Amino acid sequence: MTVYYTKEHEWLRVEGNVAVVGITAHAANELGELVFAEARDPGTTVEQGDSVAVVESVKAASDIYAPVTGDVLAFNDALTDDAALVNRDPEGEGWIVRMTIADASQLEGLMDRATYTALVG
Amino acid sequence: MTPPLLRTPLYNLHLELGARMVPFAGYDMPVQYPAGVMAEHLHTRAKAGLFDVSHMGQVRLRARSGQPADAAHALEALVPADIASLKPGRQRYALFTTADGGISDDLMVANMGDWLLLVVNAACKDADFAHVRDALAATCDVDMLSDRALIAVQGPAAEAALAALNPRAAGMRFMDVAELDLAGVACIVSRSGYTGEDGFEIGMAASGAVTVARALLAHPDVAPAGLGARDSLRLEAGLCLYGSDIDLTTTPVEAALEWSIQKSRRPGGARAGGYPGAAIVADQLASGATRRRVGLRAHGRAPVRGGAELFADEAGTQPAGRVTSGAFGPSVGGPVAMGYVAADHAATGTPLFASVRGRLLPVTVTAMPFVAPTFRR
């Protein structure tokens, strides 16, 4: 199981040719308790770096950027009534969106865990 | 070049408490502490939150005649509120208006006996001070009290927290002002706030601020709260944020703030008009304004935030207005917002649609406040 990280604090877990995407524990902590999350509709094609989802705290809305190009497959419905699941388990049950990986070579431009950890200190 | 951020007298205490600091109105201010915005908001409504609002401006207005009434009458040339009838030891909400009926700031005016204390917004304080000084220099001494701090304690436990330091605090009513010693520091205490909760705002010399803040935080029910919680609390309380919900382009009547214009200053009153834009405001008091500030509740969980356009129809073809403030309301348990809508869409219960990320979400015009106030009148 391979997990990649972006400098915008998303993580991407590769499951076959599908990516599961969420935000890191560092990002979840910075944003504070989330009150709402939603993703682009299933079937939507998003380019790497496009907004694929939005999470909102009391104070502000934050875009979640697609770490790779692909098609949205599913939003984590558990977040519909309980967006704070992202805070409680950001890199597990609090995943945000599943999407296809159109071009696996884009993964090479992402960070591994050690590099990301060094980035956020 | 951006000037360095100013610090309030409580800056080091904020760092000690683990605050996350952000720039606000030229100051380095705590947006939240480790508990987070949600917890700080809920704690304030359940117990009591302590807020540093020392960035706000405090201005002393004193009549050179020595007659307190002269300062009150002078100030009425700048605000539509009735200041002349404000009794010693009482405070009142007021607006600085402009010649075209706009609002250049909102403020609190307290009658301190032989002087008036004006508390104004941080971002406006230099302009407000110049405005008051230039307009009233002939009759009044106007001083910016820049070496003072201001702390708000808000919530149902605020009374007990202050009374533990000075029992006289418990005897104050909503909008009373008194000079009280707290923890050995001479303070000006008003029973007021910006959260919809019972509470107090406490001014003191900068040198005494940490002593008072620590004494209040020592109470088991008092926890620090940052600007994030302050904003969601005031929004649930239906209170305006200057620069977002009211500004130079909004009139007192459009902003649904005509309650701050007492009868004596309205047409037919003993001291009707006489403030900037009075003719425009008088006309709107009689005939209504073409748009109105209203509360909005969204049906779903998606927050509708400031800047969202409002429409009368689901297709988004009939513009109805615009949201000026919006957030998730922790106590309401859902999104709350306020904004301006055309007068024919302003009635409570009117269904509207807010544009959020390209989608039109149903919202309903809702009476404010969104939470019941708990003032001790």
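This report covers a sheet in chain A, two annotated spans in chain B, and the contact between the chains. The model is predicted.

## The sheet in chain A

Chain A holds an open sheet of 6 strands. Their order is β1-β2-β3-β9-β8-β5, and the pairing is antiparallel. The edges belong to β1 (2–5) and β5 (45–46) of chain A. Each has a single partner strand, so one side of each is left without a neighbour in the sheet.

## Around strand β3 of chain A

Take the pairing of β2(A) with β3(A). Strand β2 spans residues 10–15 of chain A, and strand β3 spans residues 18–23 of chain A. They run antiparallel and share 6 bridges. Glu10(A) sits opposite Ile23(A) of β3(A). The two strands, β2(A) and β3(A), make a hairpin with 2 residues between them. In that turn, Gly16(A) has a positive phi of about 65°.

β3(A) also pairs with β9(A), which covers residues 97–100 of chain A. This pairing is antiparallel too, with 4 bridges. Two facing pairs can be placed along it. Val21(A) stands across from Val97(A) in β9(A). Ala19(A) faces Met99(A), again in β9(A).

## Annotated spans in chain B

An unreviewed UniProt entry places the feature "domain: GCVT N-terminal" at residues 10–263 of chain B. The C-alpha atoms at the ends of this span lie 41 Å apart. Helix makes up 24% of residues 10–263 of chain B, and strand 31%.

UniProt also gives "domain: Aminomethyltransferase C-terminal", from an unreviewed entry, for residues 291–371 of chain B. Here the end C-alpha atoms are 24 Å apart. Residues 291–371 of chain B are 0% helix and 56% strand.

## Where the chains touch

How many residues does each chain give to the contact? Chain B contributes 15 residues and chain A contributes 11 residues. On the side of chain B that touches chain A, the elements giving two or more residues are α2 (37–46), α7 (227–236) and β16 (319–329) of chain B. The largest share of that side comes from α2(B), with 3 residues.

What is the make-up of this side of chain B by class? It has 7 nonpolar, 5 polar and 3 charged residues.

Conventions
Residues are numbered from 1 along each chain as its sequence is written. Chains are lettered from A and ligands numbered from 1 in the order in which they are written. This is a predicted model: local features need pLDDT of at least 70, side-chain atom pairs count only at pLDDT 80 or more; totals for chains, interfaces and linings use all residues. UniProt positions are given in the numbering used here, feature names are shortened, and annotations may be inferred rather than shown by experiment. Two residues are in contact if their C-beta atoms, placed from the backbone, lie within 7 Å. Ala, Val, Leu, Ile, Met, Phe, Trp, Tyr, Cys and Pro count as nonpolar, Asp, Glu, Lys and Arg as charged, and the others, Gly among them, as polar. Two strands pair if DSSP finds at least two bridges between them.
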